[in-house]
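This briefing is meant for someone meeting the structure below without any background. Please look through the sequence and the model, and then read the points that follow, which are grouped by topic.

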Amino acid sequence: MRIRPVKPGDAAAINRINENVQTQNIFSNIASHQFDDAEKLIAGLTQFDHLLVLETETPPLEICAAALLRVSPQIYRRRLATLRIIVDKKWQGQGLGKALAAAAIDLADNELMIERVEVEIPTENVGALKLCKSAGFRVEGVARDWLRTLDGKYADAYLMAHCREAK
């Protein structure tokens with residue numbers, strides 16, 4: 001597996017992954033909605049945003065997952081970024097999300113000098129909670145009725161953050 005920056009030609013694969021994720025996702029406003037229209041997402045990336053893809057190294061090359069590290073464009077908030085990760089349904093549970101999270105945190109900490117990376121995780125998503133904790137994120141609180149489900153109900157979410165250590 002190899003992690004690299006996104007290319008415009010990756011949009012179709014990211015859209016496919018997002019469709020697979022949405023079929024099993026009951027939430028309408030978490031990670032997957034960031035990837036709804038990959039062409040538009042890629043075209044709209046700012047100089048501060050970073051979209052990474054994880055792909056197989058042997059033919060046929062296949063994009064298995066994507067991570068969006070979105071840095072606040074406001075100058076006084078550029079110390080802050082949000083992280084969203086999607087992993088294709090057939091590749092879940094194999095450590096790909098953890099690898100992407102580690103790559104995004106390394107990029108944020110060591111190249112972008114971001115002080116804080118935030119994620120929102122539905123309280124029911126034990127796998128995502130485990131992944132984020134293993135990547136160094138800490139639960140800072142629980143937001144009540146934070147996420148809207150596709151059937152219009154609301155669910156709680158963990159608000160988590162990874163803070164760069166002072167060097």
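**Salt bridges and one threonine**

The side chains of R4 and D10 are joined by a salt bridge, with N and O 2.8 Å apart. The model is a predicted one, and its salt bridges come to a count of 11.

**The R4 and D10 pair and its network**

- Both partners of this pair, R4 and D10, are buried.
- The pair also belongs to a wider arrangement, since a network of salt bridges links R2, R4, D10 and E55.

**The E115 and R79 pair**

- A salt bridge also forms between E115 and R79, whose closest N and O atoms are 3.0 Å apart.
- E115 is placed in the loop between α3 (96–111) and β5 (116–122), while R79 is placed in the loop between β3 (63–71) and β4 (80–87), so the pair ties together parts that are 36 residues apart in sequence.
- E115 counts as partly exposed because its relative accessible area is 38%, a value that falls between the 20% limit for buried and the 50% limit for exposed.
- R79 is likewise partly exposed, its relative accessible area being 41%.

**The D156 and R144 pair**

- D156 and R144 form a salt bridge in which the closest N and O atoms are 3.0 Å apart.
- This pair links distant parts of the chain, with D156 in strand β7 (residues 154–163) and R144 in strand β6 (residues 138–148), 12 residues apart.
- The two partners fall into separate classes of exposure, for D156 is partly exposed at 21% relative accessibility, whereas R144 is exposed at 60%.

**The surroundings of T56**

- T56 is found in the loop between β2 (50–55) and β3.
- Is T56 buried or exposed? T56 is buried, because its relative accessible area of 10% is under the 20% limit.
- Which backbone atoms lie by the polar side-chain atoms of T56? The backbone nitrogen of E62 lies 2.9 Å from a polar atom of the T56 side chain, and the backbone oxygen of P60 lies 3.4 Å from a polar atom of that side chain.
- When neighbours within four places in sequence are left aside, the residues in contact with T56 are M1, L61, E62, C64 and W91.
- E62 therefore appears twice in this picture, both through its backbone nitrogen and among the contacts of T56.

Conventions: Residues are numbered from 1 along each chain as its sequence is written. This is a predicted model: local features need pLDDT of at least 70, side-chain atom pairs count only at pLDDT 80 or more; totals for chains, interfaces and linings use all residues. Side-chain values use heavy atoms; hydrogens and water are left out. A salt bridge is a side-chain nitrogen of Lys or Arg within 4 Å of a carboxyl oxygen of Asp or Glu. Buried means under 20% relative accessible area, exposed over 50%, partly exposed in between (1.4 Å probe, protein chains only). Helices (H or I, at least four residues) and strands (E, at least two) are DSSP runs, numbered from the N terminus. A polar contact is a pair of N or O atoms within 3.5 Å; within protein, one must be able to donate a hydrogen and the other to accept it, and residues adjacent in sequence count only if both atoms are side-chain atoms. Contact means heavy atoms within 4.5 Å.
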